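Q: Could you take a close look at a single part of this model, and then follow its connections outward? I would like the cut-offs behind each term stated as you go.

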Amino acid sequence: MTTAPDKAVRFPFDVSELDVPEEFAALRADRPVLRVELPFGSEGWLVSRYEDVRTVLSDPRFSRAATVGADIPRTSPPTTQPGNLMAMDPPEHTRLRRLVASGFTNRNIQRWEPRIGQVVAELITDMRRHGAPVDLVEHYSGLLPVTVVCELLGVPVADRRLFQRFAEIVFATTAATAEEMAQAGADLTEYLAAHIARRREKPEDDLISQLVAVRDEDEDRLSEEELIAMAGSILVAGHESTANEISNFVYTLLTSGSWAQLVARPDRLDTAIEELLRYVALGSGYSPPRIALEDLELGGQLIRAGESVIANLISANRDEATFEGADRLDLDRRHNPHLSFGFGPHHCLGAQLARLELRVGLGALLREFPALDFATDAQGVVWRVGTRARGPREMLIRW
C-alpha cells in the first residue's frame, strides 16, 4: 500500500471536443488512484479504473453528504448545497429517492413514448420547413429533452429557454462566475417556489403536483426545501445531458462513418445507443466529489479520512480490463456494463427516460434523414467552452 502522498498533478486535464484525455490510459495502468490539484479547494484523489470507480460510487465510506457547505477540493466554484438529492447519503437519500422513483420506473417512462414521438415529429416538421442547412442543436437536440422534462414536471413549456439558460450557468466552469451561479440558483428557487404554490392551489397530473401532495400530507417525508431542490435538480439535469448526447451521437456516427451502417440496420439501434453512451464522453466525466469517512485503501493507495475523492466515469468506460477493444466504437458490443449513468445509490434516476429520448430521437433522424451530413464539414461544428457539459453549441446539418 502506498502511504506517502504523490506530488499533485493538475486536474482536470486539457480536453477538446469529445476527445478522451490520453493521460487516463497511463493512469489506469500505473497510477489508478492519483493525487491531483483541483481548481478549487486544494488537492484530492482522482480514481480512474472501472472497479475502483464503482467502489467510490457505491461504498458508504465515501460520502456526498459530508461535502454540503464545505470548502472541499472540487472542480467548480460553488460548494455543495443542502437539500439536493445528489448531496445526500442513505438513509436520507433513500427516503427522498423513493418519493420520486415511482415516476421514473420503466413502465411509467414507456408511457411517455407516444408523446415523445409527437414532439419529435413536430421538431422534424419544423426542420423541414426551415430547410437545410439547419442547426441541429437549436432546432432539435436542444429542444426535445427540455420539452419532455417540462411536461413531466408540469412547468410551462413556454419557459423552456429560461431553463436552458439556468442549465448553462449551473454546468459552467469558467463560462459563469460564482456570483452568476448563485444568482441563477436563487432565481430558479424563486421560480419553482411560485410554481409549487400554484400547483398547491390547483394540482394537475404531473410530478410536481404529486410531490406537493406528498409534502402536504406528511412534512416529515419531504420538506419544502427538499421539494424545491428536487424539482430543480430534475428540471436542470433532466435535459442538459440528453440534449448534448443527441448532438454528440450524431457527430460521432457521422465522423466515424457509422451513420449509413445504422440507417441500414435500424434493429441495432438499442445496442448502438448503449455503445455510444459508453464511448462518447458524457460531460466532464467526473462524478461530484465525495469525502472519505475513514482511512481506507483503494487501488493500492491509502486515503485518509476527510480527503476528497473524484471518480472519473469516462476513464472507467475505457478500461480494457472490462471492455475488450475499449477505445474502439463497436455498435454490436453485447457486454456493456458502462457507468455513464453512474452506479450505486446515485445511479441516474432519469436513465430510462434518457434512453427512451435517445432511442426515439436518434431513431427518427436515422429514418427521416438517411443522407444526413454536416452542412460543411466536421470542422464547422462550434463546441461549448467553459462548461462541464461537452457538446456542440452549433452543428449545421443538411440532408
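A: Two strands pair if DSSP finds at least two bridges between them, where strands (E, at least two residues) and helices (H or I, at least four residues) are DSSP runs numbered from the N terminus. The model is predicted, so that local features need pLDDT of at least 70 and side-chain atom pairs count only at pLDDT 80 or more, whereas totals for chains, interfaces and linings use all residues. Residues are numbered from 1 along each chain as its sequence is written, and side-chain values use heavy atoms, with hydrogens and water left out.

The part chosen here is strand β3, residues 43-47, in which four of the five residues are buried; buried means under 20% relative accessible area, exposed over 50%, and partly exposed in between, with a 1.4 Å probe and protein chains only. Strand β3 belongs to an open sheet of six strands, in the order β1-β2-β3-β9-β6-β4 and with mixed pairing. The edges of this sheet are β1 (9-10) and β4 (62-63), each of which has a single partner strand, so one side of each is left without a neighbour in the sheet.

On one flank, β3 runs antiparallel to strand β2 (residues 33-37), and five bridges join the two. Among the residue pairs across these strands, Val 33 has Val 47 of β3 as its bridge partner, and Leu 34 stands opposite Leu 46 in β3. The hairpin that β2 and β3 make has five residues between the strands, and there Gly 41 takes a positive phi near 80 degrees.

The side chains of Glu 43 and Arg 35 also meet, in a salt bridge with an N to O distance of 3.1 Å; the term stands for a side-chain nitrogen of Lys or Arg within 4 Å of a carboxyl oxygen of Asp or Glu. Glu 43 is partly exposed, with a relative accessible area of 31%, while Arg 35, at 13% relative accessibility, counts as buried.

On the other flank, strand β9 (residues 308-311) runs parallel to β3 and is joined to β3 by three bridges. Trp 45 has Val 309 in β9 as its bridge partner. Helix α2 (residues 50-58) lies across β2, β3, β4, β6 (290-292) and β9, and runs at about 125 degrees to β9. Contact here means heavy atoms within 4.5 Å; axes are lines fitted to C-alpha atoms, for helices over the stretch in contact, and angles run from 0 to 180 degrees between N-to-C directions.

Beyond this sheet, the pair formed by Glu 43 and Arg 35 can be set beside other charged pairs, since the structure holds 31 salt bridges. Arg 393 forms one of them with Glu 168, the closest N and O atoms being 3.9 Å apart. That pair links distant parts of the chain, with Arg 393 in strand β12 (residues 392-394) and Glu 168 in helix α8 (residues 160-170), 225 residues apart. Arg 393 counts as partly exposed at 40% relative accessibility, and Glu 168 counts as partly exposed at 29%. A further salt bridge, 3.8 Å from N to O, is made by the side chains of Arg 367 and Glu 368; Arg 367 is exposed at a relative accessible area of 59%, whereas Glu 368 is partly exposed at 32%.

Salt bridges also link Arg 200, Arg 215, Asp 216 and Glu 224 in a network. Part of that network lies where two helices meet: His 195, Ile 196, Arg 199 and Arg 200 in α9 are in contact with Ile 208, Ser 209, Val 212, Arg 215 and Asp 216 in α10. By class, this contact has three nonpolar, two polar and four charged residues, with Ala, Val, Leu, Ile, Met, Phe, Trp, Tyr, Cys and Pro counted as nonpolar, Asp, Glu, Lys and Arg as charged, and the others, Gly among them, as polar. The axes of α9 (residues 178-201) and α10 (residues 207-217) come within 9 Å and cross at roughly 75 degrees.

A second sheet can be set against the one that holds β3: this open sheet has three strands in the order β5-β13-β10, with antiparallel pairing. Strand β10 is joined to β13 (residues 396-398) by two bridges, and Phe 374 stands opposite Ile 397 in β13.
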